[in-house]
Amino acid sequence: MSAQKVAVITGSGDGLGKGIAKRLAKDGFAIVLSDINPDTLKATAAEFQADGVNVASFQGNVAKREDQFALVQHAVDTFGRVDVFVNNAGIEDVMALEDVTEADFDRVFDVNVKSVLFGTQAAAAQMKKQGGGSVYKIINACSIAGHESYDLLGVYCASKHAVRSLTVTAAKELAKHQITVNAYCPGVAATKMWDRIDAEMGKYMNTQPGEAFEKFSAGILMGRPQVPEDVAALVHYLASEDSDYMTGQALLIDGGMVFR
Ligand SMILES: NC(=O)C1=CN([C@@H]2O[C@H](COP(=O)(O)OP(=O)(O)OC[C@H]3O[C@@H](n4cnc5c(N)ncnc54)[C@H](O)[C@@H]3O)[C@@H](O)[C@H]2O)C=CC1
Ligand SMILES: CC(=O)C(C)=O
């Protein structure tokens, strides 16, 4: 890479987003970390600085349009440009559909779906301003739950199906600006998200801690749950020039769980 490219990753204080940010830093990107949690954001930024990464951080809520635009502005103010924008932040919900309230539904769709719309709008506006020269990348967190529908994860699955649809429409609308839009679809990763899913499923299914996670992971062909590095390796590809001819795809990276 000649002039340093810039990658923005939402929800990167922890979990898969942190793993993705680490990998893109290793690939030579300047990194803009962003998270709603100021403590993990600060700790991760300090870790990156100690490792010599050219890093900036921004605390924001991806569900808020103004925060997504302010995040892009922060990247531009700090590093002058945005080449890759990863809409990674997301939340789960675990409940039977008959228990879902309007507030539950809105919370999940605000964080998982509106975030992708607003992040795409903010990133694309900046990328268009920057003009040609290279292919820009918007990369969205989908899931096996964007291809399958699981019981007790109904609203979450619906939100990830919506992310897959937004990915395709954005790809169609933005290709003329040399912006590709793709999604990564992880399977089961032992992040804090799965700690919470395991605990909540336990309440519904009367299982012991760890049991729901094990049940969900049991069928993985590669014989283990995934780690952030597995997902980051795919995002590395989607952020690189090697994927310049790919757009509108929602790629499964799940160790062999869902087959499309
Ligand atoms: N862990 C898994 O097995 C899977 C995760 N995914 C998706 O991958 C993405 C990352 O998941 P994990 O790292 O596992 O989750 P996590 O819960 O471990 O980490 C998510 C990060 O996003 C941040 N965040 C949450 N709400 C936010 C908001 N409103 N604004 C800004 N930041 C916010 C959190 O503070 C946290 O640092 C999510 O979109 C998730 O749906 C998809 C498939 C499987
Ligand atoms: C957490 C998640 O995305 C699942 C269960 O697919």
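Helices and strands are named here from DSSP runs, numbered from the N terminus. With these names, S143 can be placed in the loop between β5 (136–141) and α5 (154–174), a useful landmark to return to below.

The model is a predicted one, and the predictor's own scores make a good starting point. The protein chain has a mean pLDDT of 97, with 99% of its residues at 70 or more. For the complex, the predictor gives an ipTM of 0.98 together with a pTM of 0.98.

A welcoming element to look at is helix α4, which covers residues 102–130. How far apart should its ends be? At 1.5 Å a residue, the 29 residues of α4 should span 42 Å, and the end C-alpha atoms lie 40 Å apart, which agrees. The helix also has a bend of about 40°, located at D110. After α4 comes G131, a residue whose phi is positive, near 75°.

Turning to the ligands, ligand 1 has 29 residues around it, and the closest are L16, D35, N88, Y156 and T191. Several polar contacts involve its oxygen atoms. From the backbone, an N or O atom of N88 lies 2.8 Å from an oxygen atom of ligand 1, and a polar backbone atom of A189 is likewise found 2.8 Å from an oxygen atom of this ligand. From a side chain, K160 places a polar atom 3.0 Å from an oxygen atom of ligand 1. Taken alone, ligand 1 exposes 830 Å², of which the protein buries 93%.

Which residues surround ligand 2? They are S143, I144, A145, L153, Y156, G187, M193, W194, I197 and F216. Of the 220 Å² of accessible area that ligand 2 has on its own, the protein covers 95%. Two side chains make polar contacts here: an N or O atom in the side chain of S143 is 2.8 Å from an oxygen atom of ligand 2, while a polar side-chain atom of Y156 lies 2.6 Å from an oxygen atom of this ligand. Y156 therefore appears in both settings, being listed among the closest residues to ligand 1 and among those around ligand 2.Back at the landmark, is S143 buried or exposed? Its relative accessible area is 6%, under the 20% cut-off, so S143 counts as buried. Finally, S143 and G248 are 105 residues apart in sequence, and their C-alpha atoms are 15 Å apart in space.

How values were computed: Residues numbered from 1 in each chain as written. Chains lettered and ligands numbered in written order. Predicted model: local features only at pLDDT ≥ 70, side-chain atom pairs only at ≥ 80, totals over all residues. Heavy atoms only, no water. Helix = DSSP H or I, 4+ residues; strand = E, 2+ residues; numbered from the N terminus. Expected span 1.5 Å × (residues − 1). Bend = angle between axes of the 7 residues up to and from the residue. pLDDT = per-residue confidence, 0-100. Near = heavy atom within 4 Å. Polar contact = N/O pair within 3.5 Å; in protein donor to acceptor, adjacent residues only side chain to side chain. Areas by Shrake-Rupley, 256 points an atom, 1.4 Å probe, with all protein chains shown as cover. Buried < 20%, exposed > 50% of the residue type's maximum accessible area, 1.4 Å probe, protein only.
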